[in-house]
Amino acid sequence: MPNPSAPTSDDSRRIGVWDSVSLIIGIVIGVGIHETAPIVFEHSGSAVMTMLFWVFGGVISLAGALTYAELASAWPRSGGEYCYLTRAYGRFTGFLFGWSQLTVVRTGNVGMMAFIFAEYAGRLWGLGPTQVIVLSIVAPLTFSGLNILGVVIGKRTQNALTILKLIGFSSIVVAGLVWGRGGSAPVEAPAAPAISPGFALLFVLFTYGGWNDAALVTAEIRDSRRNIVRSLIIGVAIITVIYLLVNLAYLRALGYDAARQADGIAAEALKLAFGPAGAKIMSIIVMISALGAVNGIIFTGARIYATMGEDHRFFAWLSRWHPRFKTPVWSLAAESAITVALILILGTGAGRDAIDRLLLTIHMDAIAWQGRPFSNLFQWCAPFFWGFFLLTGVSLFVLRWREPDAERPFRTPLYPLPPLVFCASAAWCLYSSVTYAGELLLLGCVPALIGAGIYLSSRKTAASKHAPEHEPSNPADP
């Protein structure tokens, strides 16, 4: 049964098109573009190929957005992929998705963004390693608290961070396009580009990741069947334009050879307009970008766990919404607690050493950890992210076959081409991320196995409470 405190009336639909577009921009345009741009330049082989890769990434993301738009318009229930996967494959798959988002994927992503924020804050303010760890913990706790206080506070925080972020990116574009040298500055004997189109595409698609999060708050969007489609398409289009402009600015500012070798590419571009202060301005832009992603992921992720709690009695406490603030308070609290745990376990030397000692006691090899906490958390969660992304794309085909008469206010144009393109790209990224994850993939499977055990052990006592296997217990059909 849905929680009586959950938002169900039209009055509770407080998210408009701009709010959901702001969520998409805030989550997608985080710190990835600053980290991945030189990598894509290097492995694309030329400036022209680089721009084509970013265009291709936008096309693939648009194909995914069209796929999600049909699913979200047909089943406008908060929780996004959780609802589609449950409907297409059954309760167990939907539960594993929600559980994995809570214990691995979304909490890991929040940890990554929190670490980036803390690292750049440390550079700007001269903080030590312990202070950086503390700051990376304070960030998600703060935004979880703000989101508990109400949807309006959460969305206004996101809108403000997105506006600041767009101002920051505009300064990079203007600095590069207006003051750019076009690569006239000398570059020390650059080595030949390490051309690897597949590797370049992996990082492009990683940088576009997150546009799907608008589907997680569908039930709270005004006129959701129509506005969720607008939000997804507008959001992806804006992001594609921004990424193209930023990369053009980098090429104009530094030239191809310098851009692919740059350490802090955006800071180099900003120095053209702001001199030595460019590096400090860049740190502020990255910090704002990271915080926007932290807030957006926390805001949307809590809706997955709350919806899962409505369908699974063992986690019913996650579905409790605050009677006054109208927010999923326990989902937000659980999300922040697990995020802090992951930061301490995967992001600190003491946590990693504890894992290695545990592995040695069961006669397994220690993990080959990456130097940065960001990289360890990325390896931890990326395979699960792309695996469920692929399953969601396939669910469109499954549901068209299983429920051909379901009302679909929006139908994916040129079907089946867009979902096929989306699924093929997700499958490629799944393969690449599994290869990259190494031993951390096995570590990430531990929470998934625990979740499967919880589900199976509670299935008998909960069976009489649940709907048929292929549907959630309370689908939000109108």
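Which element gives the largest share of the lining of the largest cavity? Let's work up to that.

This is a predicted model, where local features need pLDDT of at least 70, side-chain atom pairs count only at pLDDT 80 or more, and totals for chains, interfaces and linings use all residues. Residues are numbered from 1 along each chain as its sequence is written, and side-chain values use heavy atoms, with hydrogens and water left out.

**Exercise 1. Find the largest cavity and say what lines it.**

Step 1: A cavity is a set of points, on a 1 Å grid over the protein atoms alone, where a 1.4 Å probe fits but cannot get out; lining residues have an atom within 4 Å of a point. The count is 5 cavities of 30 Å³ or more.

Step 2: The largest one has a volume (space filled by probe spheres set on the points) of about 440 Å³.

Step 3: It has 31 lining residues, and Asn 109, Phe 206, Gly 209, Gly 210 and Phe 385 are the closest to its centre.

Step 4: Helices are DSSP runs (H or I, at least four residues) numbered from the N terminus. H1, H5, H8, H12 and H15 (373–402) each give two or more residues. There's our opening answer: H15, with 9 residues.

**Exercise 2. Describe the second largest cavity.**

Step 1: Its volume is about 80 Å³.

Step 2: Its lining includes Ile 60, Tyr 208, Trp 386 and Phe 422. Helices H3, H8, H15 and H16 each supply two or more residues.

Step 3: Sort the lining: 7 nonpolar (Ala, Val, Leu, Ile, Met, Phe, Trp, Tyr, Cys and Pro), no charged (Asp, Glu, Lys and Arg) and 3 polar (the others, Gly among them).

Note on methods: 1 Å grid on protein atoms, 1.4 Å probe; cavity = no way out; pocket = protein on both sides within 12 Å on 5 of 7 lines; lining within 4 Å.
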